[in-house]
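User: Could you walk me through this structure and explain how each label is earned?

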Amino acid sequence: MRIHPETFTTGDLVRASGIYSVTHPAHRLFAEAALFRGEAFPKCALCSARVIFNVIREFPGLDFMENLSLRIPLYELPVLEDEPAIIPAA
Ligand SMILES: [Zn+2]
């Protein structure tokens, strides 16, 4: 599979805070994820297959929020099941 240069995958360093689209054919994950600069792109909670991320929108202003210690880094992407998922308020 050809990977576009602006495509990122699990373990890559997030270089720009923003909203990223999530592509992971193996499991149904959230379609989008908000990620912060300096974090690593998260893995699927259920498997080690690669998760693909593409920038939808960069939010440079989010970089300042890291200093507030309100942000919990996202290490895993929860798999969406039939039961309702709890989405943290932004
Ligand atoms: Zn998976």
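Here is a short chat about the labels and the values behind them.

Analyst: One heads-up: this is a predicted model, where local features need pLDDT of at least 70, side-chain atom pairs count only at pLDDT 80 or more, and totals for chains, interfaces and linings use all residues. Residues are numbered from 1 along each chain as its sequence is written, and side-chain values use heavy atoms, with hydrogens and water left out.

User: What makes His24, His27, Cys44 and Cys47 the ones that coordinate the zinc ion?

Analyst: Donors are N, O and S atoms within 2.8 Å of the metal (3.2 Å for Na, K and Ca), and water is not among the atoms, so sites may look incomplete. Here NE2 of His24, ND1 of His27 and the SG atoms of Cys44 and Cys47 sit at 2.0 to 2.4 Å, so they fit the cut-off.

User: Why is the site of the zinc ion called tetrahedral?

Analyst: Four donors count as tetrahedral if all angles lie between 85 and 135 degrees. The angles among the four donor atoms of the zinc ion are 99 to 116°, so the label holds. For reference, the ideal angle for four tetrahedral donors is 109.5 degrees.

User: How are the donor residues of the zinc ion spaced in sequence?

Analyst: The pattern reads H-x2-H-x16-C-x2-C. His27, in the loop between β2 (18–23) and β3 (32–35), and Cys47, in the loop between β4 (43–44) and β5 (52–58), are 20 residues apart, and this pair links distant parts of the chain.

User: Why is Cys47 called buried, and what is His27 called?

Analyst: Buried means under 20% relative accessible area, exposed over 50%, and partly exposed in between (1.4 Å probe, protein chains only). Cys47 has 18%, so it is buried. His27 has 24%, so it counts as partly exposed. Across the chain, buried residues make up 32% of the 90 residues.

User: How many helices and strands does the chain have?

Analyst: Zero helices and six strands. Helices (H or I, at least four residues) and strands (E, at least two) are DSSP runs, numbered from the N terminus.

User: How do you know which strands pair?

Analyst: Two strands pair if DSSP finds at least two bridges between them. β1 and β5 have three bridges, in the antiparallel sense, so they qualify. In β5, Asn54 is the bridge partner of Thr7. Four strands form an open antiparallel sheet in the order β1-β5-β2-β3.

User: What makes β1 and β3 edge strands?

Analyst: β1 (7–9) and β3 each pair on one side only.

Technical notes:
Four donors count as tetrahedral if all angles lie between 85 and 135 degrees; four count as square planar and six as octahedral if opposite donors are over 155 degrees apart and all others between 65 and 115; anything else is irregular.
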